[in-house]
Amino acid sequence: MTLRLVVLGSAAGGGFPQWNCRCPVCALAWDGDTRVKPRTQSSIAVETGKGRWTLFNASPDLRSQILANRQIQPTGLRETPIGAVVLTNGDVDHVDGLITLRERSPLTVYATSQISAVLDANPIFGVLAKDVVAREVVELEKPFEIDDTRIEFFGVPGKVPLYLETENLKIGDTSGDTIGVTMEKDGARLVYIPGCAVVNDDVRARVEGADILLFDGTVFHDDEMEKAGVGQKTGRRMGHVPISGDGGSLDAFKGVKIGRKIYIHINNTNRILIDGSRERATVEAAGWEVSEDGLEVAADLAHTSRGSTAA
Ligand code: MLT
Ligand code: MN
Ligand code: ZN
């Protein structure tokens, strides 16, 4: 037995390429340049029990992700291997796919009280009938089990979802609007942090010794959106620590013992998406991998294979 995961969607909100964007990186994708691979929005699936899969975030692209990954396709008449969904924040790219999961299959949705309240405040999520879709409100740092896997939520510096921002926005709050998740099974430990505004000592302590880290790779340069002419916000302002620069994730995880370090939730402006780019070479030289859709990772063998698509 191993801890096995598949990256369903490796892009940040908007996906890659984004529907309305011809920034220099999106333009490569629209033009079919083979140095880039299109990517769907942020989600992974973990085999939490034998043949039982848990989604970590439910992306707007969930239906196409199910079409592309046989592990999570139906196994019988109204039977699905997907038994649970864990949410790491309330952003559109992480909750919209819940609506795809209507149709009366038993499921449990696990979330902090903050994220759960976001779902309750939006009546469209009532489409998940309460008699079949359970909601578990989970406290930070209180481990629980999904199938055979021990799960723990921990707060990471972040913020409320974009659509709930007010003038009093606090970036860096760790009370449960944005979380990281630790998963342990068969002696292997995986840490998933798709959004994180600051890598501080707490975050470093959480990932120390992990077999696999999947971490926020939204932007390479904090100011790359502005430089690309697509917006004014910095990565940090969006709740995403940049990869490069002082306090960037390359810098901040230096010296932390981690088996495999993999960037995920990658924005379409980020040049690590381009094979052969200086930015890709920089992260790889520092021991990081750049995830792509369909990437399978197993913790015991450090075994990787790409392209898990069904025929
Ligand atoms: C983010 O990660 O910053 C969000 O997905 C932004 C969004 O909702 O587009
Ligand atoms: Mn996002
Ligand atoms: Zn773009």
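Helices and strands are here DSSP runs, at least four residues long for a helix (H or I) and at least two for a strand (E), and they are numbered from the N terminus. The exercises below use these elements to place residues in a predicted model.

**Exercise 1. Locate Asp186, and decide from its relative accessibility whether it is buried, partly exposed or exposed.**

Solution. The place of Asp186 is the loop that runs between strand β9, residues 179-185, and strand β10. For the second step a cut-off is needed: a residue is buried under 20% relative accessible area, exposed over 50%, and partly exposed in between. Because Asp186 has a relative accessibility of 47%, it counts as partly exposed. As to its backbone, Asp186 has a positive phi of about 50 degrees, although it is not a glycine.

**Exercise 2. Carry out the steps of Exercise 1 for Glu103: in which loop is it, and is it buried or exposed?**

Solution. Glu103 is found in the loop between helix α3 and strand β5, the latter spanning residues 107-111. Its relative accessibility is 53%, and therefore Glu103 counts as exposed. The phi angle of Glu103 is near 95 degrees, which is a positive value in a residue other than glycine.

**Exercise 3. Describe the site of the zinc ion (ligand 3): which atoms coordinate it, and what is its geometry?**

Solution. Begin with the donors, which are the SG atoms of Cys21, Cys23 and Cys26 together with OD1 of Asn268, at 2.2 to 2.4 Å from the zinc ion. Next, consider the angles among these four donor atoms, which run from 98 to 120 degrees. Four donors count as tetrahedral if all angles lie between 85 and 135 degrees, and so the site of the zinc ion is tetrahedral. Then follow the donor residues along the sequence, where their spacing is C-x1-C-x2-C-x241-N. Finally, turn to accessibility: Cys23 counts as buried because its relative accessibility is 4%, and Cys26, with a relative accessible area of 0%, is buried too.

**Exercise 4. Find the residues that coordinate the manganese ion (ligand 2), and explain which parts of the chain they tie together.**

Solution. The manganese ion is coordinated by Asp93, through OD, and by His265, through NE2, at 2.1 to 2.2 Å. Asp93 belongs to helix α3 (residues 92-95), while His265 sits in the loop between β12 (260-264) and α8 (278-285), so the pair ties together parts that are 172 residues apart in sequence. Both Asp93 and His265 are buried.

**Exercise 5. List the residues around ligand 1, and then give the polar side-chain distances to it for Asp93, His240 and His265.**

Solution. Around ligand 1 are Asp91, Asp93, Leu162, Met238, His240 and His265. Taking the polar distances in turn, an N or O atom in the side chain of Asp93 is 3.0 Å from an oxygen atom of ligand 1. For His240, a polar side-chain atom lies 2.8 Å from an oxygen atom of the ligand, and for His265 the corresponding distance is 3.1 Å. Taken alone, ligand 1 exposes 270 Å², of which the protein buries 78%.

**Exercise 6. In the largest nonpolar core, which residues touch the most other members, and which element supplies the largest share?**

Solution. A general tendency is a useful starting point: in soluble globular proteins, nonpolar side chains tend to be buried together. The largest nonpolar core of this model has 36 residues, and those touching the most other members are Ile193, Leu213, Phe215, Phe253 and Val283. At least two residues of the core come from each of α1 (24-30), β10 (188-193), α5 (201-207), β11 (212-216), α7 (249-252) and β13 (288-290). The largest share, four residues, is supplied by α1.

**Exercise 7. Place Ser291, judge its accessibility, and name the backbone oxygen that its side chain reaches.**

Solution. Ser291 is in the loop between β13 and β14, where β14 covers residues 296-298. Because its relative accessibility is 0%, Ser291 counts as buried. The side chain of Ser291 reaches the backbone oxygen of Tyr263, at 2.7 Å.

**Exercise 8. Which two residues does a cis peptide bond join, and where is Pro17 found?**

Solution. The cis peptide bond joins Phe16 and Pro17, with an omega of about -5 degrees. Pro17 is found in the loop between β1 (4-9) and α1.

Key: Residues are numbered from 1 along each chain as its sequence is written. Chains are lettered from A and ligands numbered from 1 in the order in which they are written. This is a predicted model: local features need pLDDT of at least 70, side-chain atom pairs count only at pLDDT 80 or more; totals for chains, interfaces and linings use all residues. Side-chain values use heavy atoms; hydrogens and water are left out. Donors are N, O and S atoms within 2.8 Å of the metal (3.2 Å for Na, K and Ca); water is not among the atoms, so sites may look incomplete. Four donors count as tetrahedral if all angles lie between 85 and 135 degrees; four count as square planar and six as octahedral if opposite donors are over 155 degrees apart and all others between 65 and 115; anything else is irregular. Buried means under 20% relative accessible area, exposed over 50%, partly exposed in between (1.4 Å probe, protein chains only). A residue is near a molecule or strand if one of its heavy atoms lies within 4 Å of it. A polar contact is a pair of N or O atoms within 3.5 Å; within protein, one must be able to donate a hydrogen and the other to accept it, and residues adjacent in sequence count only if both atoms are side-chain atoms. Accessible areas come from the Shrake-Rupley method with a 1.4 Å probe; for residues, only the protein chains shown count as cover. A nonpolar core is a set of buried Ala, Val, Leu, Ile, Met, Phe, Trp, Tyr and Cys residues joined through side-chain atoms within 4.5 Å.
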